Amino acid sequence: MGKNIVSFSQDNDAVVVTCEDGAEFRGNILVGADGVYSSVRRNMYAQMMQNPSKEAQLPESDKEQLSFTSTCLVGQTAPLDTSKFPFVKGTDCKVGSVVGDNRPYTWSVFSMPDESICWMVTQHFNDEINSDNSQLLTTLTQSEWGPDKMNTMCDQVKTFPIPCGALYTRPSLVVGDLIEATHKDKISRVILEEKLFKTWSFGRTVLMGDAGLGAVAAIQDAAVLSDLIFHLEDTSQQAISHAFQRYREVRYPIAKQSYETSYQMSHLNEQSWISSFIRKVMNNLPKWIWYRVLDTILAK
Ligand SMILES: Cc1cc2nc3c(=O)[nH]c(=O)nc-3n(C[C@H](O)[C@H](O)[C@H](O)COP(=O)(O)OP(=O)(O)OC[C@H]3O[C@@H](n4cnc5c(N)ncnc54)[C@H](O)[C@@H]3O)c2cc1C
């Protein structure tokens, strides 16, 4: 619809959203599927903080700002010349990662079935940046979109050698080779945040996907939530609250597990001795143990 939601109000009978252009929409339920910086979540939490009732109590952790731990340059090359990049031969996905020595970066490559490479370079911030540190955040957010600033990060990382070992015949390949083989429209810079919100609904409003979880579960959320909404007996506040409660019961434990796994995996790339020790152990694990670990993670 091309509308930017700026606020909403709700009572026992309905919810009304207001858009930047002044348009208003009225309905029974508002689903905030508006991503990690969700305007619906911010408005909903503000309403809860002004409401003295018990159901509106917001946990302290939900009042805290999002914090940002790293920024990331991602891209996908065009199909590559396999004589220069033998790594991409075959339909299986091969993965290689490097943890920077004496520099706060990690970078990874993934071969794709169309003989292209998806690549990612992560720059780790020394200190967490909070979203109330607006000046720095604005600079970083603008750099996500500004081609000049993105070029700056490309320049900073272009000499990084890409993981080679037995997978490459040319160990001299660098990130710059991948940047050169990637169309500018297929490179993005994003800031990565870490947070699992506990409060997912209030009144007739509910959050899904990154708006509530901060994890990668948007599609599963949508399936569970739409099923519960489809089976609503009526559109009373009571029936809606019951469905939203059920939605959280089903999805929260899975979201928590997913968040924790993702947190642990991302911190494995750190330069601390403990991360380095765990990586050494992991690199030497026999395959059958790996399969067992992966089976357990997937089963959860
Ligand atoms: C670099 C990177 C790599 C990733 N890789 C993977 C991966 O390999 N696998 C995976 O599963 N996930 C991955 N993810 C995560 C995945 O992209 C998100 O979890 C997913 O997109 C969340 O979907 P969503 O619908 O909740 O939010 P979003 O995709 O963020 O969509 C939110 C939508 O709401 C709109 N919106 C925002 N504010 C407003 C407003 N005020 N009014 C109206 N509309 C608004 C936005 O324009 C947007 O269209 C990755 C993310 C990043 C940054």
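This is a short dialogue on reading a predicted model.

Q: Where in the chain is confidence lowest, and where is it highest?

A: A good habit is to begin with the confidence. The mean pLDDT is lowest in helix H3 (residues 134-145), at 52, and highest in strand S3 (residues 24-27), at 97. Over the chain the average is 84, and 86% of the residues score at least 70.

Q: How many helices and strands does the chain have?

A: The chain has nine helices and 11 strands. For the packing, 22% of its 300 residues count as buried. Of the contacts between residues at least 6 apart in sequence, 59% join residues at least 24 apart.

Q: In what order do the strands of the open sheet lie?

A: The general idea comes first: strands of a sheet pair through backbone hydrogen bonds, in a parallel or an antiparallel sense. Here three strands form an open sheet in the order S4-S11-S10, with mixed pairing. Strands S4 (30-32) and S10 (201-202) are at the edges with a single partner strand each, so one side of each has no neighbour in the sheet. Now look at S10 and S11 (residues 205-207): they pair in the antiparallel sense over two bridges. Ser201, for one, has Val206 in S11 as its bridge partner.

Q: Which residues around the ligand are the closest?

A: For a ligand, list the shell, then ask about its chemistry and its origin. The closest of the 14 surrounding residues are Asp34, Gly35, Ser39, Gly209 and Ala218. By class, the shell has eight nonpolar, four polar and two charged residues. Domain 1 (5-65 + 195-263) and domain 2 (67-193) each contribute at least three residues to the shell.

Key:
Residues numbered from 1 in each chain as written. Predicted model: local features only at pLDDT ≥ 70, side-chain atom pairs only at ≥ 80, totals over all residues. Near = placed C-beta within 6 Å. Nonpolar A, V, L, I, M, F, W, Y, C, P; charged D, E, K, R; others polar. Domains from an automatic or database assignment. Pairing = 2+ DSSP bridges. Helix = DSSP H or I, 4+ residues; strand = E, 2+ residues; numbered from the N terminus. pLDDT = per-residue confidence, 0-100. Buried ≥ 20, exposed ≤ 12 C-beta atoms within 10 Å, placed from the backbone. Contact = placed C-beta atoms within 7 Å.
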